[in-house]
Amino acid sequence: MTIRIFELPDLGEGLTEAEVVKWLVAVGDTVAVDQPIAEVETAKSIVEVPTPYAGVVHELHGAEGEVLAVGGPLISVADEAAAPGASAPAPVSADGERYREEERAGTGSGNVLIGYGTPEAGGGGRRRRPRRKASAAPAAPSPAPAPPRRVPLVTSPLVRQLAREAGLRVADVEGSGPGGLITRRDVLAAIEAAKAPAVPAAPAVPVAEPVPAGAVDPRTGLAESSRVPMSGFRKSVAAALSRSRSEIPEATVWVDVDATELVRLRAAHPEGPGLLSYVARFTVAGLRAHPELNGLVDTERGELVQYDGINLGLAVQTDRGLVAPAVLGAHRLTTAELDAEIRRLTAAARAGRATPAEMTGGTFTLNNYGSLRVDGSAAIINHPQVAILGIGRIIDRPWVVDGELTVRKVTQLSFAFDHRVCDGGAAAGFMRVVADAIEDPAAAIARL
């Protein structure tokens with residue numbers, strides 16, 4: 001019997017640890033290759049981790065709620081003794097299973113099983129290819145051994161997914177890890193070489209030493225009732241917000257908008273798209289008119305980058321905190337399709353099931369703080385994006401229409417933008433595209 005240890009893989013975004021939320025197997029269970037064995041929570045989301053080994057669970061290296069380090073042991077799997085006449089298993093490196101390369105990008109292994117739910121969201125199980133039988137060849141004296149085909153070492157399912165989404169064959173990526181292990185850094189370097197420079201990662205936030213509860217704060221003289229360690233998610237958010245404030249010279253503008261006609265349109269079609277999906281559609285139109293707001297500032301090269309496409313981020317309040325998953329390819333969706341994707345994405349984010357691509361791939365953020373019964377906000381730009389649009393609650397307010405005072409459904413739009421990419425004129429132009437569409441949605445939809 002051989003016992004193999006599966007180490008907690010790199011789950012993306014340079015994360016160094018993950019918390020075991022739930023074990024999906026127990027000691028003594030029989031597991032198959034790619035079977036989910038645990039749910040773990042990172043600073044970005046909750047993912048299911050599949051095992052690269054088949055056999056019997058020998059040991060679980062950690063209890064539920066325990067934080068494990070990336071690269072540390074996660075689970076031990078024992079191989080039962082092979083039956084007489086059975087072929088011996090292929091050797092496995094100390095760093096993990098040798099995955100066979102995919103013949104073509106986007107085919108072969110299919111979607112890696114990491115617990116994201118739907119195939120569209122990057123979930124689903126891995127489809128394993130049948131092994132090809134070696135073709136018979138006539139015997140020859142002292143044949144020269146054929147050079148072995150390079151088989152890439154990849155232990156992380158998210159590293160494989162990252163390469164596939166970028167259109168890379170993992171066999172073409174040079175691994176810098178032990179024994180040629182391909183890491184996320186290697187894939188990012190290959191993407192940078194083929195396309196544009198990668199955005200520098202946010203600096204890590206140092207973890208403070210724990211202090212016993214009840215300690216006296218020297219500044220206030222008051223006893224501390226408790227100290228709660230920051231979760232990986234909170235540390236990630238803190239780093240992103242701090243970087244946004246320190247690097248981006250932002251400006252904010254507001255405009256009050258008469259949303260009466262939009263509310264009427266929604267009421268006339270109760271089974272149709274929700275109000276937020278209309279605002280999202282109008283936001284996409286505004287970004288098409290002002291593409292400089294759909295990009296980033298490459299400070300290393302001194303360049304303003306604009307994207308050919310829109311991944312519309314949506315601020316979502318969850319039990320873990322505020323996140324901003326993105327509707328990928330929002331510019332290709334109709335209002336009804338946006339509505340369905342927004343509902344799916346927000347549910348996935350609240351359940352911690354949004355994919356890393358959705359959590360980090362946004363190009364612009366829409367913040368519906370009106371759902372929190374708030375009228376206005378000077379939001380912080382979601383670095384490395386360059387702008388964020390907020391919409392407040394829609395309430396009855398006095399409004400002048402054709403010289404007459406009346407009651408209308410009014411909301412407030414607030415827009416924070418990076419002053420390095422545009423001036424107030426472009427920001428105001430974007431705001432008017434969105435505001436005018438909200439005030440006259442029928443005409444706007446006809447033009448879109």
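## Exercises on a predicted model

E6 and strand E8 (residues 73-79) pair in the antiparallel sense over 4 bridges. The model is predicted. The exercises start from this pairing and work outward.

**Exercise 1. In what order do the 4 strands of the open sheet lie, and which are the edge strands?**

Solution.
- Step 1. Start with E6 and E8, joined in the antiparallel sense over 4 bridges. Val 57 stands opposite Val 77 in E8.
- Step 2. Go to the other neighbour of E6. E3 pairs with strand E6 (residues 55-60), again antiparallel, over 2 bridges.
- Step 3. Read off the residue pairs. Thr 30 faces Val 56 in E6. Val 31 has Gly 55 in E6 as its bridge partner.
- Step 4. Write the full order: E1-E8-E6-E3, an open sheet with antiparallel pairing.
- Step 5. Find the ends. Strand E1 (2-7) and strand E3 (30-31) are the edge strands, since each pairs on one side only.

For background, strands of a sheet pair through backbone hydrogen bonds, parallel or antiparallel.

**Exercise 2. Is Ile 5 buried, partly exposed or exposed?**

Solution.
- Step 1. Place the residue. Ile 5 lies in strand E1, an edge strand of the open sheet.
- Step 2. Take its relative accessibility, 43%. Buried needs under 20% and exposed needs over 50%. Ile 5 therefore counts as partly exposed.
- Step 3. Look at its surroundings. Met 1, Ile 3 and Ile 5 make a nonpolar surface patch of about 330 Å².

**Exercise 3. Which residues touch the most other members of the largest nonpolar core, and which element gives the largest share?**

Solution.
- Step 1. The core holds 40 residues. Those touching the most other members are Leu 293, Leu 389, Leu 413, Phe 415, Phe 430 and Ile 438.
- Step 2. List the contributors. Elements giving two or more residues include helix H5 (275-289), helix H6 (335-350), strand E17 (387-391), strand E19 (404-418) and helix H8 (424-439).
- Step 3. Pick the main one. H8 supplies 8 residues, the largest share.
- Step 4. Set the other core apart. A second, separate core has 19 residues, among them Phe 6, Leu 11, Val 20 and Val 31.

**Exercise 4. Which residues does Phe 430 touch, not counting residues up to four places away in sequence?**

Solution.
- Step 1. Start with the core members already named: Leu 293, Leu 389 and Phe 415 are among the contacts of Phe 430.
- Step 2. Add the others. Phe 430 also touches Thr 283, Gly 286, Leu 287, His 290 and Phe 364.

**Exercise 5. Where are Asp 34 and Arg 373, and is each buried or exposed?**

Solution.
- Step 1. Asp 34 sits in the loop between E3 and strand E4 (36-41). Its phi is near 75°, positive in a residue other than glycine.
- Step 2. Asp 34 has 9% relative accessibility, so it counts as buried.
- Step 3. Arg 373 is in the loop between E16 and E17. Arg 373 is not a glycine, yet its phi is positive, about 65°.
- Step 4. Arg 373 has 68% relative accessibility, so it counts as exposed.
- Step 5. Stay in the loop between E16 and E17, where Pro 384 is found. A cis peptide bond joins His 383 and Pro 384, with omega about 10°.

**Exercise 6. What percentage of the 448 residues is buried?**

Solution.
- Step 1. Count elements: 9 helices and 19 strands.
- Step 2. Take the buried fraction: 42% of the 448 residues.
- Step 3. Add the surface. The accessible area is about 23,400 Å², with 55% belonging to carbon and sulfur atoms.

Technical notes: Residues are numbered from 1 along each chain as its sequence is written. This is a predicted model: local features need pLDDT of at least 70, side-chain atom pairs count only at pLDDT 80 or more; totals for chains, interfaces and linings use all residues. Side-chain values use heavy atoms; hydrogens and water are left out. A nonpolar core is a set of buried Ala, Val, Leu, Ile, Met, Phe, Trp, Tyr and Cys residues joined through side-chain atoms within 4.5 Å. Buried means under 20% relative accessible area, exposed over 50%, partly exposed in between (1.4 Å probe, protein chains only). Contact means heavy atoms within 4.5 Å. Two strands pair if DSSP finds at least two bridges between them. Patches are made of residues with over 30% relative accessible area and no salt bridge: like charges are joined within 9 Å, nonpolar side chains (Val, Leu, Ile, Met, Phe, Trp, Tyr) within 5 Å. Accessible areas come from the Shrake-Rupley method with a 1.4 Å probe; for residues, only the protein chains shown count as cover. A salt bridge is a side-chain nitrogen of Lys or Arg within 4 Å of a carboxyl oxygen of Asp or Glu.
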